[in-house]
Amino acid sequence: MEKERFLSASPHLSDAESIPKIMYGVVLSLLPAAVGAVYFFGLKALWIMLVASAAAMASEAAVQAIMRKKITVADGSALVTGILLAFNVPASVPLWLPAIGAVFGTVVGKHAFGGLGYNPMNPALLGRAFMLASWPTSMTVFTVAPRGGSLCGIDPATISALQIDAVTQATPLKLLKVARGVLAHPSAADPTSYASYAKAMGALYDSYGNLFWGRVGGCIGETSAFLLLVGALFLLYKRYIGWKIPVSYLGTVALLSWAFAGTDGLFSGKPLFHLLSGGVMLGAFYMATDMVTSPVTFRGRLLFGAGCGVITMVIRLIGGYPEGVCYSILLMNLTVPLLDRHTRPRILGEKK
C-alpha cells in the first residue's frame, strides 16, 4: 500500500518536532515541581495529579469518540492539561474537585472550540477558574502546611519567638494583602493588631529562602520557585518556549510591585517577594507561554507578557483576591488575535 501524502501551499517547513514530542517534553519539565509537591504536601498531592490527569485524558477520549473523531489522547496534550490543573489546587481539596475541573477544562475549554490548536484560552486555567467560581472555599482556604515550613512562609520558630498572631492560616500573598490594609491606615488600626502585622511583615520579607525552595503554603505545584525554574530552563533549552513572554511578564510584576506594593509609599515595595510568591513563576513559564493561546509575533509576545503582569498586580493590589495569575492569563488569551493582527511585521516594501 502506498504511503499517504499530503500536499499544501507554500511555504514548506521541515521540522523534527511533533505534538507528542513537545507535550511529553513539557511533562518532563514539570516532573521536578511534581516531585516537590509530593515532598512538601504528601501523597495527597500525588493523588490529585493522578486524578486530574486521568479525568482530562478520559474526557478527551470520550468527547472524540462521541464526535467520531480520531482519538488523540496519546499525544500528551490532555496529560499536560491535567497536571497543570492539579498544580493549581490546594492539597486540601477533595479528589472529585480536580476531576471536575479537568473535565470542564478539557471539554468546554478545548473541544467545544474544535480541539487542540483551536482553543482560545488555556484549558487548565479555565478549569481552575470554573472551580474557583463554583467552590471558592475549597479553592481559597489553605489548611495543609508544607513539610518543614508554615502556610505563610515564615519559619515556625520565628512565629513562636515573635508571638505573631496575625499569620495563623494565611498564605504569603493573603497575609501581605491584609497587612497592607492595616499598615496603610495606622490611625484606624488597633495598636495591638498594628504591631502584630508590622512584625509579620518584617518576618515575611525575611523569608525569601522559604519562598524560593517551596517551604510555604499554596497550591501544590506553584510553591517552589526553584523547581519550577529547573523545568523552565529545560523548556528554554529545547526552545519549546521563548524568553519574551516570561521576561516581560516577570519584569512588569517586578516593576509594578516595586512602585506600588510597598507600605511606605511609592517605590517601597519588594519585587522579589512578588516574583517568588503565588503562581507567578508557574504562570509565566508554563501557562502564559502556551503555544496555542499566546501570540506569535515578537512585539505581540512582549505586550502579552506585560499585560499579564499588569492584570496580575492590579488584582493583587486592588482586587478582592490576593492572587491574579489565573485571570490575567485568561483575559490576555482573549487579546491574542488582536495582538497578532496589530503587531504583524510589515512585508518588505509595504506602505500603510
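This report walks through a predicted model of a single chain, from its overall build down to a few residues worth a look.

**The overall build**

Let's start with the secondary structure: the chain has 17 helices and 0 strands. Its radius of gyration is 21 Å, close to the 20 Å that the globule rule gives for 352 residues, so the chain is as compact as a globular protein of that length. If you lay the C-alpha trace along its principal axes, the spans come out at about 80 × 55 × 35 Å.

Half-and-half is the story on burial, with buried residues making up 50% of the 352 residues. Take the contacts between residues at least 6 apart in sequence, and 72% of them join residues at least 24 apart. On the outside, the accessible surface comes to about 17,300 Å², and carbon and sulfur atoms account for 66% of that. As for charge, there are 27 positive and 16 negative ones, and the mean positions of the two sets sit 5 Å apart.

**Aromatic pairs**

A search of the whole structure turns up 11 aromatic pairs. One of them joins Phe130 and Trp135: the planes of these rings are at 85 degrees, over the 60 degree cut-off, so the pair counts as edge-to-face. Another, Trp258 with Phe267, is tilted. Here are the two side by side:

| Pair | Centre to centre | Angle between planes | Geometry |
|---|---|---|---|
| Phe130 and Trp135 | 5.9 Å | 85 degrees | edge-to-face |
| Trp258 and Phe267 | 4.7 Å | 55 degrees | tilted |

Phe130 and Trp135 also belong to an aromatic cluster, along with Trp96 and Phe104. How open are these rings to the outside? Phe130 has 26% relative accessibility, which makes it partly exposed, and Trp135 is partly exposed too, at 27%. Over in the tilted pair, Trp258 is partly exposed with a relative accessible area of 39%.

**Two buried residues**

Now for the inside. Thr106 is part of helix 4, which runs over residues 96–107. Is Thr106 buried or exposed? Its relative accessibility is 1%, so it counts as buried, the cut-off being under 20%. Setting aside neighbours within four places in sequence, Thr106 touches Ala56, Ser59, Glu60, Thr81 and His111.

Ser77 sits in helix 3 (residues 77–87) and is buried as well, with a relative accessible area of 4%. With the same neighbours within four places left out, Ser77 is in contact with Met23, Glu60, Lys110 and Leu116. Glu60 therefore turns up in the contact lists of both Thr106 and Ser77, given that contact means heavy atoms within 4.5 Å. Ser77 also has a C-alpha atom 8.0 Å from that of Ile19, although the two are 58 residues apart along the chain.

**Two positive phi values**

Most residues other than glycine have a negative phi. Which residues go the other way here? Arg68 is one of them, with phi near 55 degrees, and Phe267 also has a positive phi, near 55 degrees.

Both are in loops. Arg68 is found between helix 2 (43–66) and helix 3, and it is exposed, with a relative accessible area of 80%. Phe267, the ring partner of Trp258, is in the loop between helix 12 (244–260) and helix 13 (271–276).

Methods. Residues are numbered from 1 along each chain as its sequence is written. This is a predicted model: local features need pLDDT of at least 70, side-chain atom pairs count only at pLDDT 80 or more; totals for chains, interfaces and linings use all residues. Side-chain values use heavy atoms; hydrogens and water are left out. Helices (H or I, at least four residues) and strands (E, at least two) are DSSP runs, numbered from the N terminus. The radius of gyration is taken over C-alpha atoms; the globule rule is 2.2 Å times the number of residues to the power 0.38. Buried means under 20% relative accessible area, exposed over 50%, partly exposed in between (1.4 Å probe, protein chains only). Accessible areas come from the Shrake-Rupley method with a 1.4 Å probe; for residues, only the protein chains shown count as cover. Lys and Arg count as positive and Asp and Glu as negative; His and the chain ends are not counted. The place of a charge is taken as NZ of Lys, CZ of Arg, CG of Asp or CD of Glu. Rings of Phe, Tyr and Trp (its six-membered ring) pair if their centres lie within 6.5 Å; planes under 30 degrees apart count as stacked, over 60 as edge-to-face and the rest as tilted.
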